[in-house]
Amino acid sequence: AGELTILSCEIIENKTQSSGGGSIYIANGGNCTITGSSTRKTVIGKNESPKGAGIQIDGKCTIGEYTVIGGSTANANKGTKYGGGIFISSTGKCTVKSGAEISYNSVTAASGIRTFGGGIYVEESLGKQGELKLEGVSGKPVRIHHNEATHGGGIYVTGTVSMQYTEIKECTAKYGGGMYLLNNANVTMGDNSEIASCSITESSG
């Protein structure tokens, strides 16, 4: 299996036309660790793809402290269908550690077209569920904010999500401003996790 470690890098302005993983694609069997340092963050931004504009994960990925996926309007990752920041497929497993940030990402399309998971999309397919673990700590939460899609501005879930010390804030969608759960979605909100100040543009969700 392939192994990749990314430390204190900028991965910006990449684009795929018809597949996933605008900047990074982790195939099934691959394993990637992404982290930064107090003097230089890893920034994944300005990438475009139909799904997983920032990262597509079919294998395993650990996203560590001082990692920013998006980070500002100017650095936004932009999808057109699934997962503006991160797309986790049904075979994918992603752990996001304390101090990481997923923000200002979007999934947008032509008027009337549905889009899913502005920040993160967690997939279920053929009985298998993608897995997302958000593992913040006191004083250093995982921060998911200012992401946008029509369904699930922060996170769209048909897979499995667990979180502790995680903030999902100021995300926007027509349905499920903070989080949208569908089918067999399994979400566990643990210690000091919150969804706050998210907004919807329809009458429910």
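## Glu65 and its partner

Glu65 counts as partly exposed, its relative accessibility being 23%, in a model that is predicted. The cut-offs explain the label, because partly exposed covers the range between under 20%, which is buried, and over 50%, which is exposed. With which residue does Glu65 form a salt bridge? The partner is Lys140, and the closest N and O atoms of the two are 2.4 Å apart. Because Lys140 sits in the loop between β18 (131-135) and β19 (142-145), while Glu65 sits in the loop between β8 (60-63) and β9 (67-70), the pair ties together parts that are 75 residues apart in sequence.

Lys140, like its partner, falls in the intermediate class: Lys140 is partly exposed at 37% relative accessibility. This pair is one of several, since the count by the rule applied here comes to six salt bridges. Side chains of opposite charge can pair when their charged atoms come close.

## A network around Arg143

Glu101, Arg143 and Glu167 are linked in a network of salt bridges, and it can be read one contact at a time. In one contact, the side chains of Arg143 and Glu101 meet at 3.4 Å, N to O. That contact links distant parts of the chain, for Arg143 belongs to strand β19 and Glu101 to strand β13 (residues 101-103), 42 residues apart. In another, Arg143 forms a salt bridge with Glu167, with 4.0 Å between the closest N and O atoms. Here too distant parts of the chain are linked, as Glu167 lies in strand β22 (residues 166-169) and Arg143 in strand β19, 24 residues apart.

Is Glu101 buried or exposed? Glu101 is buried, with a relative accessible area of 13%, whereas Arg143 is partly exposed at 33% and Glu167 is partly exposed at 22%.

## Parallel strand pairing

Three strands form an open sheet in the order β6-β10-β14, and their pairing is parallel. The edges of this sheet are β6 (48-51) and β14 (106-107), each of which pairs on one side only. Between β6 and strand β10 (residues 78-82), which run parallel, there are three bridges, and along this pairing Ser49 stands opposite Gly79 in β10.

Parallel pairing also involves strands whose neighbouring loops were met above. Strand β8 pairs with strand β12 (residues 93-97) in the parallel sense over four bridges, with Thr62 standing opposite Thr95 in β12. Strand β12 in turn pairs with β18, again in the parallel sense, over five bridges; there the bridge partner of Val96 is Leu134 in β18. The loop that follows β8 holds Glu65 and the loop that follows β18 holds Lys140, so the salt bridge described at the start joins loops that adjoin two of these strands. In a regular strand the side chains alternate between the two faces of the sheet.

## The largest pocket

What volume does the largest pocket have? Its volume is about 250 Å³, and 18 residues line it. Of these residues, Ile113, Thr115, Ala149, Thr150 and Lys174 lie nearest the centre of the pocket.

By residue class, the lining of the largest pocket divides into seven nonpolar, eight polar and three charged residues. Rolling a probe the size of a water molecule over the atoms shows where empty space is left.

Definitions and conventions: Residues are numbered from 1 along each chain as its sequence is written. This is a predicted model: local features need pLDDT of at least 70, side-chain atom pairs count only at pLDDT 80 or more; totals for chains, interfaces and linings use all residues. Side-chain values use heavy atoms; hydrogens and water are left out. Helices (H or I, at least four residues) and strands (E, at least two) are DSSP runs, numbered from the N terminus. Buried means under 20% relative accessible area, exposed over 50%, partly exposed in between (1.4 Å probe, protein chains only). Two strands pair if DSSP finds at least two bridges between them. On a 1 Å grid over the protein atoms alone, a cavity is a set of points where a 1.4 Å probe fits but cannot get out, and a pocket is an open set with protein on both sides within 12 Å along at least five of seven lines; lining residues have an atom within 4 Å of a point. Grid points are joined across faces, edges and corners, and a volume is the space filled by probe spheres set on the points. Ala, Val, Leu, Ile, Met, Phe, Trp, Tyr, Cys and Pro count as nonpolar, Asp, Glu, Lys and Arg as charged, and the others, Gly among them, as polar.
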